[in-house]
Amino acid sequence: MYKEIRYKVKNGKFFHIKIRFDKKIEAIEIIGDFFIYPDNGLYLIENSLKNLSLDKNLIGDKIKDKIRDKINEIVNKNSIKMIGIDSESIAGAILECI
Amino acid sequence: MKWRILNLDTFSCYMNMAIDETISEGILDGSSVPTIRFYKWNPGAVSIGRFQSMNEEVNIESCKINGIEYVRRITGGGAVYHDTEGEITYSIIGNESLFNKGIIESYKEICAYVIDALGILGIDASFHPINDILVNNKKISGNAQQRKNKVLLQHGTILVKLNVKKMFSLLNVSKEKISDKLIKNVEDRVTCIENEKKGITQDMIYNALIKGFTKDKECYFGELTSIEKEKANTLSERYKSDEWNFYR
């Protein structure tokens, strides 16, 4: 299944997610006027979400927590700084898609 | 620490972006010195942020009809229309250690140079996080920063004249952005020096910017080195490519 969503981060920027998924996230693209440092930080985040399983036994907030925690893991491991976007809003947008 | 000032000059969008990146790379390998440059764009162009989609942000057809070029920046942020006579762009490039460590704080620090320059012209401006400069709640300057390998590049625009109809014919502004700011008319979002103060010439603006950016700094007026010119020429080809501009 393929879905897109436009999302506004509270006190942040707008972003657009394009996601293809089934039992897992197959592909994801996060597009917007935010800032991420270093430059490859966005690629690392998108890559970390690929193949993330979307367990149908997990409901709503649990899936969101899983996605958010995955992003935070990559952010912390690679000292990524995000301005105008955050892991919470990315997870929230993905949840709305799935 | 001496800053090199590159005097106001005009290039294509590809060359402007290539020069900024060339100097950034040069700071890293020692072949460039900390630099402040001022430039204009000819032909006029639209630049989009690193993480935006060209097709989403830019009306490509309208650009082609109007002879406007389009390019993806290496910095994040939003889409900007750079009118040849409508704005002046600055960039400041140096080792991260020369600036405030915090990202928002460094935006504020560098935007203060522009705010000082506008103050010299009698225009009361203020910094609006993350990266905007406002006059009477309208945006007069947008700024974008890259930090890579401990080198900071920030560039930004100062709007001199505004052709709002032309700007928004070239940019695709989403309905979400308009409704979010609770305004009916997108023309309420932006302003320019000409709207805020009559009788300001380009020379006056440029002299004010020089004062704003060089205050409390040791500076000299210089030029691009032959190596920088050669590197920028090569790099400008990447900025022309669909592979770069349309990669997302």
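Trainee: What makes helix H4 of chain B oblique to helix H8 of chain B?

Mentor: This is a predicted model, and the answer lies in the angle between two axes. H4(B), residues 103–120, and H8(B), residues 202–214, have axes that come within 8 Å and cross at roughly 140°. Angles over 145 degrees count as roughly antiparallel, and 65 to 115 as roughly perpendicular. The value of roughly 140° fits neither class, so H4(B) is oblique to H8(B).

Trainee: Which hand does the crossing of H4(B) and H8(B) have?

Mentor: That crossing is right-handed.

Trainee: How do you know that H4(B) and H8(B) meet, and which residues do so?

Mentor: Contact means heavy atoms within 4.5 Å. From H4(B) come Ile110(B), Tyr113(B), Val114(B), Asp116(B), Ala117(B) and Ile120(B). They meet Ala208(B), Leu209(B), Lys211(B), Gly212(B) and Phe213(B) of H8(B). By class, the residues of this contact are eight nonpolar, one polar and two charged. Gly counts as polar, and Gly212(B) is part of the contact.

Trainee: Why is H1(B) called oblique to H9(B)?

Mentor: Look at the angle again. H1(B) covers residues 13–29 and H9(B) covers residues 226–240. Their axes come within 8 Å and cross at roughly 125°. The perpendicular class ends at 115 degrees, and the antiparallel class needs over 145. Roughly 125° belongs to neither, so H1(B) is oblique to H9(B). The crossing is right-handed.

Trainee: What classes of residue make up the contact of H1(B) with H9(B)?

Mentor: Nine are nonpolar, three polar and seven charged. Among those in H1(B) are Tyr14(B), Glu21(B) and Asp29(B). The H9(B) side includes Lys229(B), Leu235(B) and Arg238(B).

Trainee: Which peptide bond joins Tyr37(A) and Pro38(A), cis or trans?

Mentor: The bond is cis, with omega about -5°. Most peptide bonds are trans. Pro38(A) sits in the loop between strand S4 (35–37) and helix H1 (41–49) of chain A. Chain B has a cis bond from Asn42(B) to Pro43(B), with omega near 5°. Pro43(B) is in the loop between strand S2 (35–41) and strand S3 (45–48) of chain B.

Trainee: What makes the phi of Asn51(A) worth a look?

Mentor: Its sign. Most residues other than glycine have a negative phi. Asn51(A) is not glycine, yet its phi is positive, near 75°. Asn51(A) lies in the loop between H1 and helix H2 (60–77) of chain A. Asn149(B) also has a positive phi, about 50°, and is not a glycine. Asn149(B) is in the loop between strand S9 (138–148) and strand S10 (151–159) of chain B.

Trainee: How do you know which residues line the second largest pocket?

Mentor: A lining residue has an atom within 4 Å of a pocket point. Tyr37(A), Pro38(A), Ser79(A) and Lys81(A) are on the list, with Glu96(B), Lys101(B), Ile103(B) and Arg147(B). The lining has three nonpolar, one polar and four charged residues. The pocket holds about 210 Å³ of space.

Key
Residues numbered from 1 in each chain as written. Chains lettered and ligands numbered in written order. Predicted model: local features only at pLDDT ≥ 70, side-chain atom pairs only at ≥ 80, totals over all residues. Heavy atoms only, no water. 1 Å grid on protein atoms, 1.4 Å probe; cavity = no way out; pocket = protein on both sides within 12 Å on 5 of 7 lines; lining within 4 Å. Points joined across faces, edges and corners; volume = space filled by probe spheres on them. Axes fitted to C-alpha atoms, helices over the stretch in contact; angles between N-to-C directions. Helix = DSSP H or I, 4+ residues; strand = E, 2+ residues; numbered from the N terminus. Parallel < 35°, antiparallel > 145°, perpendicular 65-115°, else oblique. Left-handed = near helix turned anticlockwise from the far one by under 90°.
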